[in-house]
Amino acid sequence: VQLQASGGGLVQAGGSLRLSCAASARTNAMGWFRQAPGNERRFVASISWSSVITYYGDSVKGRFTISRDNAKSTVYLQMNSLKVEDTAVYYCAARKSDMAATDRGSYDYWGQGTQVTVSS
């Protein structure tokens, strides 16, 4: 499975962006992670295939929303009220399992990442 992330860019603090991740084949649980310079890759959000189960990292709860369109094999990350500390490369990932997960080691496939920069 190949994953193609897009939608990153430069935005002012308080603004919004929507990231997309298109998969080359059917995927089960999917997630978003981010990595800022000098930091480890950290969990942002995940969603089960049915969209019934979603998880969010504490720092994005109430601001970010993960969703998916299985007909398009695409997962989205709507990011609102962006903060400077949200600046990072955002990666989408997919699991063979349908269980949404927060641990990056649980994911089998990774996209190439898209840069999100939030200016003050």
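## A tour of the buried salt bridges

Asp-86 and Arg-63 are both buried. Keep that pair in mind while you look around. The model is predicted.

**Stop 1: the whole chain.** Show the protein chain as a cartoon. Look for eleven strands and zero helices. From start to end, the pattern reads β-β-β-β-β-β-β-β-β-β-β. The radius of gyration is 13 Å, close to the 14 Å that the globule rule gives for 120 residues, so the chain is as compact as a globular protein of that length. Now switch to the C-alpha trace. Along its principal axes it spans about 40 × 30 × 25 Å.

**Stop 2: surface and interior.** Turn on the surface. The chain exposes about 6,000 Å², and carbon and sulfur atoms supply 46% of that area. Of the 120 residues, 43% count as buried. Next, consider the contacts with a separation of 6 or more. Residues 24 or more positions apart account for 58% of them.

**Stop 3: the charges.** Color the charged residues. There are 13 positive and 8 negative charges, and their mean positions lie 3 Å apart. How many salt bridges does the count come to? It comes to three. Visit each in turn.

**Stop 4: Asp-86 and Arg-63.** Select both side chains. They meet in a salt bridge, 2.8 Å from N to O. This pair links distant parts of the chain, 23 residues apart. Asp-86 sits in the loop between β8 and β9. Arg-63 sits in the loop between β6 (54–56) and β7 (64–69).

**Stop 5: add Arg-34.** Keep Asp-86 selected. The side chain of Arg-34 also meets Asp-86 in a salt bridge, again at 2.8 Å, N to O. Arg-34 belongs to strand β4 (residues 30–35), and 52 residues separate the two partners. Is Arg-34 buried or exposed? Its relative accessibility is 13%, under the 20% limit, so Arg-34 counts as buried. Asp-86 has a relative accessibility of 1% and counts as buried too. Now view the three residues together. Salt bridges that share partners join Arg-34, Arg-63 and Asp-86 into one network.

**Stop 6: Lys-61 and Asp-58.** Clear the selection and pick these two. Their side chains meet in a salt bridge at 3.2 Å, N to O. Are these partners buried or exposed? Lys-61 is at 52% relative accessibility, over the 50% limit, so Lys-61 counts as exposed. Asp-58 is exposed as well, with a relative accessible area of 67%.

**Last view.** Show both sites at once. Asp-86 and Arg-63 are buried, whereas Lys-61 and Asp-58 are exposed.

Conventions: Residues are numbered from 1 along each chain as its sequence is written. This is a predicted model: local features need pLDDT of at least 70, side-chain atom pairs count only at pLDDT 80 or more; totals for chains, interfaces and linings use all residues. Side-chain values use heavy atoms; hydrogens and water are left out. Helices (H or I, at least four residues) and strands (E, at least two) are DSSP runs, numbered from the N terminus. The radius of gyration is taken over C-alpha atoms; the globule rule is 2.2 Å times the number of residues to the power 0.38. Buried means under 20% relative accessible area, exposed over 50%, partly exposed in between (1.4 Å probe, protein chains only). Contact means heavy atoms within 4.5 Å. Accessible areas come from the Shrake-Rupley method with a 1.4 Å probe; for residues, only the protein chains shown count as cover. Lys and Arg count as positive and Asp and Glu as negative; His and the chain ends are not counted. The place of a charge is taken as NZ of Lys, CZ of Arg, CG of Asp or CD of Glu. A salt bridge is a side-chain nitrogen of Lys or Arg within 4 Å of a carboxyl oxygen of Asp or Glu.
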